[in-house]
Amino acid sequence: MNKREAYMILDRILGWSGKYDMQVTVDGNEKGLTRFAGSEIHQNIYQEDLEVKIELRRDKKRVSTTTNQLAEENLRGEIRNLHRELEETPARKKELPLIDSPDEISSEENDSELAEKLDEAGRAGIVAEGIENLPDGYTAAGSLALEKGYLAIANTRGIRRFMSRDKASFNTVISSEQVEGSGYAELEAEKLSDFDVEEAFAAAADKAVDSSDPESISPGSYTVILEPLAAAELLGYLSFIGFSGRSVQQGRSFLSGRIGDKVWDEKISLYDDCQHEQTFSLPFDMEGAERQSLTIIEDGVSRELAYDLESAMEAGEETTGHALGSSRAGGIPLHLVMSGGESSPEEMISSTEKGLLITRFHYTNVVNPRQAVLTGLTRDGTFLIEEGEITNSVRDLRYTQNMMEAFNNVISLSSKRFQVPGLAGNNYLPYLKISDFQFTGLTEE
Amino acid sequence: MQEKIAGLIEYLEGKDIDYADVRYGKIEEQAVSTEEGELQEFDNNTSEGVGIRVIKNGAPGFAATGDLDRLHQTALKALDVADASSRVKGKNMELAEKESIKDYYETSYEKDPFTVSTGEKIELLREAEAKMQDEADLFKTSASLRFRRENRIFADTEGSLIEQELMESGGGIEASAVGEDDLQVRTYPCSFGGNHAKAGYEFVEDMDLIGNAGETAREAEKLAGAEECPHGEFDIVLDSSQLALQIHESIGHPVELDRVFGSEEAYAGTSFLSVEDLNELQYGSECVDVVADATVEGGLGTFGYDDEGVPAQRIPIIESGEFVGFLTSRETAVRLGISSGGASRADGWENIPLIRMTNINLLPGEYSFEELISDIDYGLYLENNRSWSIDDRRLNFQFGCEIAYEIENGRLTGKIFKNPLYTGITPQFWRSCTGICDNEHWQMYGLPNCGKGQPGQRARVGHGSAPARFNNIEVGVERDE
C-alpha cells in the first residue's frame, strides 16, 4: 500500500466522524518467514493483513475498535457501535488531547533489493547455503524473515502520518547431537547491505565449536563480559519496567523518586534515538506524535523519561512520542544507544583474572521491578576466563541480579559498538564488563 | 463460508499436493480496564481471515490472508511456499492417520458477555476498585475484564469439515501498596490479568470481584510492611494459581514433542526429555498424576477439535510419578507410530498450528488443607505468581510469588512475608511432592498468553490443581559477597 492509498482509507473513515473527535490508524503488513531446524525447513509461512483502528472521543470519553474487514458497511457498523459504547462510558477527569502537529510526517524506507532477495525462493536459497557451510556434525535451527509493513494515522485535528518499512530478520542456533554446546547469532536490517546472513551463520558456527564440551562451574559472584546481545536483553527489560513516565507514576520503576540522581556508574550514558543511523527510523509513535530522542542516563545520572500522551499529561510534560498504542503500557524507549568506552573485548578478557564471557541471556524476567532485580539464564555460548584467557566453555547458569548494582559495577565499555536487535529494530551497544554479577543456580540435575 | 472453504479444498485437490487444510476464523475480542476508578481502556477487536496449509512433495507451505476476496491467490502462495521448502528438505513430511469428521461444537455458557452492557462491565470494575480503596491504604488499584468469541471452520483434503464456536471470559483486580523503597502487589483471583475460562459472563459474576476486593486490598497493605521472606531450604505449599504456572513451565512445555524433536530450538528451546524417557523416567513422586485434558468443562484450553481436525482428548502425561505421554500433533505423533493426541493449535487463522498445551491438570490427592500442612514443622504457603523464568531445556526454574504465609508446627501462624522466591530442578522438584489436596480444593486457572513459535503465537491454555506440598525446596537466592 502506498501513501496515497493509505490516506484515501483514512480520509474516507474520518469523513464519517460527524461531531466527534476521531483518530484512525491503518496498520498493514506482509510477512514471509522460513523456519528451519535439524538443517531442514520445517515451517514456512506467508501472512498478509490490513487492520484499521478507529478511536472515537467526546466529552472526556474515549472508546476504540480494530477490524480487518474494511467494507464500508462493516466500518460504518463499527462506528455506530462506538457511538453506543461512548454513551455508556463514564467521563474521565481530564480531556486527553489528540496530536495536532506537525501536519504531516512521512517516511518510506523500502530497499527493493531486500524484497527481491528474500522472497520464499530466496530465503530457501540463503538457508540452504548457510547449512551447506556448517562444520561437520553440526546442524542449524532458526528463522529468516522479510516483513513489509506500513502504518498510517490521521485524525480530526488534521494530522497525517505515513511510514513504510521493509525489515529483514534472521536468527540461528547451531548445535551438534554428538557434542554438547551451541552457538547463536541474530540480526535485523532495513537494507540488504546491512544484512549479512552468511557472516551470521559463520559467527554462530564458530561459537558452537568454541563452546563444545562445556564444564560445570559453581554459582556465585563473577566478573562478566556481556556481549552486546546479552546487554540488550537486560537493557530492554529495564526500558520496559523503568524508563517510562508511566512506570514511575505507577511506582513500579527503579527510577521512582530518583530522576536527576546519580543512579549508575558515571561511565554509562544511555540514549533513546530512533534517528541514529544504527537504529531503525520510526519517526512517529502509535498516537501520531513525533518521536523525540531522549537522554535516559547521562554520565550515570537519570535524566529523561519516555512518555505517551496520557502519562505526559499526568506528569505535566509533553509527550516524547513513545506510545505503543495502549495507554496501559505508556511510552517505552525502543531504540537504545549507549556511549562506548575505551576498552575492547580483547582487553576486557586479558584484564580479567576470573570471569565469564556471555553471548546472550534466555528467559529473562522481572523479580522485583522497583528494585530492578532481574533473573534469567545464559545460553548458546558462555565461556570461563582465567588469568586473562578463555579456558573453556561452561554450562548455562541462572543469574539473579539487582541491575542498579550491576550498572554501578561497570568496569569498562568497549569503544566499538554493535547493532543488536531489540524491541522494535536495532539497539546500538558496546560490550560491558561488570564485576560481582550474581549467578544463583545451575541448569543440570 | 463453509461453501467457500469446501470450494477452496476442491481447488487445492487439483494441484498435485499430498495434503491441504483450510482454516477460517473470525475472532471478536473486548478489553475493558479501569485504573484508579477511571476507565483506562474500552477496546474492541475483530479479525477475520483464512489460513491455508499444504504439503506438496513432502514439504510444508502456509499462507494466510485477511482479505476474503483473495483466497485462491493465497492458496497459490501456499503452494509457492511449499515449493521453496522442498529445496531444504530432509524426510518427507507425513501426518499420522485420523478420522474424517463432519461436526459442530460450541462452548456451553449461560450469558453472552458481548450482550452485557458496556455500563455494567465498567461499573463492576469501578465498584471493585472503590471497595479496595475503601478497605486499605493503597498506592494504586486497577481492574480488568477480557472477552473473546471465536468462530472456526476447518476443512481438509481428507474429507473433514468442522465448525466450532468458542467463548471465553475472564478478569481480575489488583491492589498495590508502597513500603520503604518497595512496591507490593496483591491480585485476585490471580496475577497478570486475572483468571480466564471457556465460559460466558457468569464466570465473571462467579469470581465475585467486589466480594474479594477488601481482602485483596488489606493483604497488599500488610505486604508493604511485611518482612522479607527468609532464605533457606523449607517445605513449601503452593496454591492452585501458582501451581498453574509451575505445571505450565515445568511439565506442559517439556512434554511438547516438537520441542523434544528440536523444532523450537532456535527460539523457546528444547526439552530435557527424550523419546527414550517415555514410560521410563520417574518425573515426580507417586502422588503426581498429570493429564492433558482438552475436554474438561470450562478449561481455557478446552475445545471440540484441534486445528488439524483431531478430536479433543484426555491424555495421561504422568501416572503415579512415571512419565507416560507427550503432547503431540499429527506431524510429530507419526514419528512415534501413534495417533495425534489433539494438541495442534494455532493462534488465530493467520498462524500455523503448533503443539500447544490444552489443559494440563494435576489430579487431586486426598488431603484437606489442614492435613496437608499438619506435619510441616516450619514452612511456607505461597500464593499467586509474581515472576517466572526457566531454562531452554526446562530444568532450572525460579518463581516469585506475591505472598508467603508462615507455617509452624503444622499450622498457619498468621505471619506473612513479602518477595518470596523459590527455585529448583524440574524432576527433583516434582519428586519432592509429598501431598496434594483433595477434589474440594481443586481449581482451574486459565492462562491466555502462552508464547511460542516464530512468528510469535499466543495460546490459551488451562491448568487445574489443588494445593500441593513439596519438601526441602530452596527459598530465596543465596548471595555471594
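In which hand does H4(A) pass H2(B) in their crossing? H4(A) passes H2(B) in a right-handed crossing, and this briefing, which concerns a predicted model, begins with that pair of helices before turning to the domains of the two chains and to some details of the backbone. Chain A is divided into domain 1, covering residues 3-209, and domain 2, covering residues 215-445, while the assignment for chain B gives domain 1 as 2-225 and domain 2 as 228-475.

**Helix packing between chains A and B**

- Two packed helices are described by the angle between their axes and by the distance between those axes.
- Helix H4 of chain A spans residues 120-132 and helix H2 of chain B spans residues 71-85, and their axes come within 8 Å of each other while crossing at roughly 15 degrees.
- Because angles under 35 degrees count as roughly parallel, H4(A) and H2(B) are described as roughly parallel to each other.
- On the chain A side the residues that meet the partner helix are Glu120(A), Ala121(A) and Ala124(A), and on the chain B side they are Lys77(B), Asp80(B), Val81(B) and Ala84(B).
- Sorted by class, this contact of H4(A) with H2(B) has four nonpolar residues, three charged residues and no polar ones.

**Helix packing within chain B**

- H2(B) also packs with helix H1 of chain B, residues 2-13, at an angle of about 40 degrees and with the two axes 11 Å apart.
- That angle makes H1(B) oblique to H2(B), and the crossing of these two helices is right-handed.
- H1(B) contributes Lys4(B), Leu8(B), Tyr11(B) and Leu12(B) to the contact, whereas H2(B) contributes Leu71(B), His72(B), Ala75(B), Leu76(B) and Leu79(B).
- By class, the contact of H1(B) with H2(B) has seven nonpolar residues, one polar residue and one charged residue.

**Domains of chain A**

- The size of an interface is often given as the accessible area lost when the parts come together.
- In chain A the C-alpha centres of domain 1 and domain 2 lie 24 Å apart, and 31 residues of domain 1 are in contact with 29 residues of domain 2.
- The area buried between these two domains of chain A is about 2600 Å², and carbon and sulfur atoms give 60% of that area.
- Within domain 1 of chain A, the residues that lose the most area to domain 2 are Tyr184(A), Glu188(A) and Lys207(A), which together account for 21% of what that side buries.

**Domains of chain B**

- In chain B the centres of domain 1 and domain 2, taken over C-alpha atoms, are separated by 21 Å, and 54 residues of domain 1 are in contact with 45 residues of domain 2.
- Between them, domain 1 and domain 2 of chain B bury about 4100 Å², with 49% of this area on carbon and sulfur atoms.

**Backbone details**

- Most residues other than glycine have a negative phi, and most peptide bonds are trans.
- The peptide bond from Ser101(A) to Pro102(A) is cis, with omega near -10 degrees, and Pro102(A) has its place in the loop between helix H2 (72-88) and strand S4 (104-109) of chain A.
- Gln454(B) and Pro455(B) are likewise joined by a cis peptide bond, for which omega is about -5 degrees, and Pro455(B) is found in the loop between strand S22 (443-452) and strand S23 (457-465) of chain B.
- Ala372(A), a residue other than glycine, has a positive phi near 55 degrees, and this alanine is found in the loop between strand S13 (354-368) and strand S14 (373-386) of chain A.

Technical notes: Residues are numbered from 1 along each chain as its sequence is written. Chains are lettered from A and ligands numbered from 1 in the order in which they are written. This is a predicted model: local features need pLDDT of at least 70, side-chain atom pairs count only at pLDDT 80 or more; totals for chains, interfaces and linings use all residues. Side-chain values use heavy atoms; hydrogens and water are left out. Axes are lines fitted to C-alpha atoms, for helices over the stretch in contact, and angles run from 0 to 180 degrees between N-to-C directions. Helices (H or I, at least four residues) and strands (E, at least two) are DSSP runs, numbered from the N terminus. Angles under 35 degrees count as roughly parallel, over 145 as roughly antiparallel, 65 to 115 as roughly perpendicular and the rest as oblique. A crossing is left-handed if the near helix is turned anticlockwise from the far one by less than a right angle, and right-handed if clockwise. Contact means heavy atoms within 4.5 Å. Ala, Val, Leu, Ile, Met, Phe, Trp, Tyr, Cys and Pro count as nonpolar, Asp, Glu, Lys and Arg as charged, and the others, Gly among them, as polar. Domain bounds come from an automatic or database domain assignment. Buried area is the accessible area (1.4 Å probe) that two parts lose on being put together, summed over both.
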